[in-house]
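Please look through the structure shown below before reading on. The paragraphs that follow move from the interior outwards, then to the pairing of the chains, and finally to some points of backbone geometry.

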There are 2 protein chains.
Amino acid sequence: MHSDRKTVEVCYSPSQFPLYGSNFEIVVVIDVLRATSAITTALHKGVKEIIPVSSVEKAIEYRQRGFVVAAERDGKVVEGFDFGNSPYAFMAPELVGQTVVLTTTNGTKAIEVAKERMVVIGCLNNLSTICDWLLEQNKDVLVLASGWKEKMNLEDTICAGAIADRLIESRKFHSHEDSTIAAKFLFRSARDNMYSFLRSSSHRRRLMQLKIQEDVKYCLMVDTVPCIPVLRDGVLVKM
Amino acid sequence: MHSDRKTVEVCYSPSQFPLYGSNFEIVVVIDVLRATSAITTALHKGVKEIIPVSSVEKAIEYRQRGFVVAAERDGKVVEGFDFGNSPYAFMAPELVGQTVVLTTTNGTKAIEVAKERMVVIGCLNNLSTICDWLLEQNKDVLVLASGWKEKMNLEDTICAGAIADRLIESRKFHSHEDSTIAAKFLFRSARDNMYSFLRSSSHRRRLMQLKIQEDVKYCLMVDTVPCIPVLRDGVLVKM
């Protein structure tokens, strides 16, 4: 044990967040398919800011006030909203410079539970960018997987494991939790063929049924979007 | 999908139990280090029955009424009790034919949350015995890992993954949850050298500090105790 090392741990779902200590000053929220991939893409492509809200009711309020509002539940666009959490929808040129309100099944809930800490947004698209930044902070880091309705899911656990692995390999961080060991191990097993490894993932099967394979392929690409979204006063902006 | 197949899933901790459906008629409770290994050993060696209780307070009540009571918290025997959850303690000849009351940090809590279903006790020691029995039941099975204070732990997840893997390989069962896929994967990676794989496990490190390596070695032995404990009217007996 090197007592000067910082701690990094992986938490599998928002409901488990309270089990992890208050020492974690930075929380990295992960929802690979598709919320955090979409948020990172949006801010990189010029969306001004994203207001995450946890309920459809709040999203409706914002829409009534004239905001552009994206809403996803169970992998589908909620009826009456323009788009959901497809990263491609957030690349639309007319969104450049705009404020977008977003609610999703899992990702915005994870942001909500962590909002008293410093929240940054991670995904495979910005993996190295976020790891490099975390390595410079000298703070304890909790990687919070959004999961699927409070259960763990494979893709978020693997992405979280990738971040933990990178930080621990630097020798500036260590970990103590079995959840982190398992996530690192799953990442190392998956990294050479993420798409194949996730073939049996429940969430991917769910999305396959919705015929959004292009979104899945996009979200599984590593290091394609060098952008770190950060939550400031409840609003996600580019760091 | 074969609709005549039964379902087997792995749940990582008692607090996640309500997230899994009411279709699971059989719950296999796992606490490899050391509660379910000790329970299985005890009933195999001739202990008549074990009354699991979830609190130390209840354990004290039983002691005052003259019962033999075992109590463990945080890996240690609770002060004032004769023994904790070491499997070796349950092999004592004077316990043959006796009723023993038991409370532990995680295992008895898992039994408590599942008690409205049919509860059986699994561990590595009785792995094949319990799998063979489950294969004959034609019922949906939830394998409930006790974990460590509501977080997942490696040894219970691996044991649960071993059971799920065996049932799914028989083609009589299938699974839909990522928690089950991950557990199966961790088991397959660990199975050839369980002791080495668990070297970094947080719980094992904790027990190492308590100098109970002999217990750990015992609990990681596969198929050494052909006995299935079952909960009947709140009491664990040999099936």
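Which residues does A:V143 touch, leaving aside those up to four places away in sequence? In this predicted model, the residues that A:V143 touches are A:V8, A:V10, A:V28, A:I30, A:A160, A:I163 and A:A164. One of these partners, A:V28, appears together with A:V143 and A:L144 among the residues that have the most contacts inside the largest nonpolar core, and B:V28, B:V143 and B:L144 are listed there as well. That core has 152 residues. In soluble globular proteins, nonpolar side chains tend to be buried together.

The chain around this interior can be described by its overall dimensions and its contacts. Chain A has 9 helices and 11 strands, and its C-alpha trace spans about 55 × 40 × 30 Å along the principal axes. A compact globule of 239 residues would have a radius of gyration near 18 Å, and the 17 Å of chain A agrees with this. Buried residues account for 54% of the 239 residues in chain A. Of the contacts in chain A between residues at least 6 apart in sequence, 80% join residues that are at least 24 apart.

The next topic is how the two chains are arranged. Two copies of a chain are related by a rotation about an axis and a shift along it. Here a turn of 180 degrees, with a shift of 0.0 Å along the axis, lays chain A on chain B with an RMSD of 0.0 Å, and that is the relation of a two-fold axis. Among the residues of chain A, A:L186 comes closest to the rotation axis, its C-alpha lying at 3.9 Å.

Where the chains meet, 20 residues of chain A are in contact with 20 residues of chain B. On the side of chain A that touches chain B, the elements giving two or more residues are helix 5 (154–169) and helix 6 (178–190) of chain A, and helix 6 of chain A gives the most, with 7 residues. By class, this side of chain A has 7 nonpolar, 9 polar and 4 charged residues. Because 100% of the interface residues of chain A are also interface residues in chain B, the copies meet through the same surface.

Some points of backbone geometry remain. Most residues other than glycine have a negative phi, and most peptide bonds are trans. The peptide bond from A:L33 to A:R34, however, is cis, with omega near 10 degrees, and A:R34 lies in the loop between strand 2 (26–30) and helix 1 (35–44) of chain A. In chain B, a cis peptide bond joins B:L33 and B:R34, with omega about 10 degrees, and B:R34 is found in the loop between strand 2 (26–30) and helix 1 (35–44) of that chain.

Positive phi values occur at two further positions to inspect, A:D223 and B:R171. For A:D223 phi is near 65 degrees; this residue lies in the loop between helix 9 (213–219) and strand 10 (229–232) of chain A, and A:D223 is exposed, since 12 other C-beta atoms lie within 10 Å and a residue with 12 or fewer counts as exposed. For B:R171 phi is near 70 degrees, and B:R171 is found in the loop between helix 5 (154–169) and strand 9 (173–174) of chain B. With 9 C-beta neighbours inside 10 Å, B:R171 also counts as exposed.

Key
Residues are numbered from 1 along each chain as its sequence is written. Chains are lettered from A and ligands numbered from 1 in the order in which they are written. Two residues are in contact if their C-beta atoms, placed from the backbone, lie within 7 Å. Helices (H or I, at least four residues) and strands (E, at least two) are DSSP runs, numbered from the N terminus. Ala, Val, Leu, Ile, Met, Phe, Trp, Tyr, Cys and Pro count as nonpolar, Asp, Glu, Lys and Arg as charged, and the others, Gly among them, as polar. A residue is buried if 20 or more other C-beta atoms lie within 10 Å of its own, exposed if 12 or fewer, and partly exposed in between; C-beta atoms are placed from the backbone. Copies are superposed by least squares on the C-alpha atoms of residues with pLDDT of at least 70 in both. A nonpolar core is a set of buried Ala, Val, Leu, Ile, Met, Phe, Trp, Tyr and Cys residues joined through C-beta atoms within 7 Å. The radius of gyration is taken over C-alpha atoms; the globule rule is 2.2 Å times the number of residues to the power 0.38.
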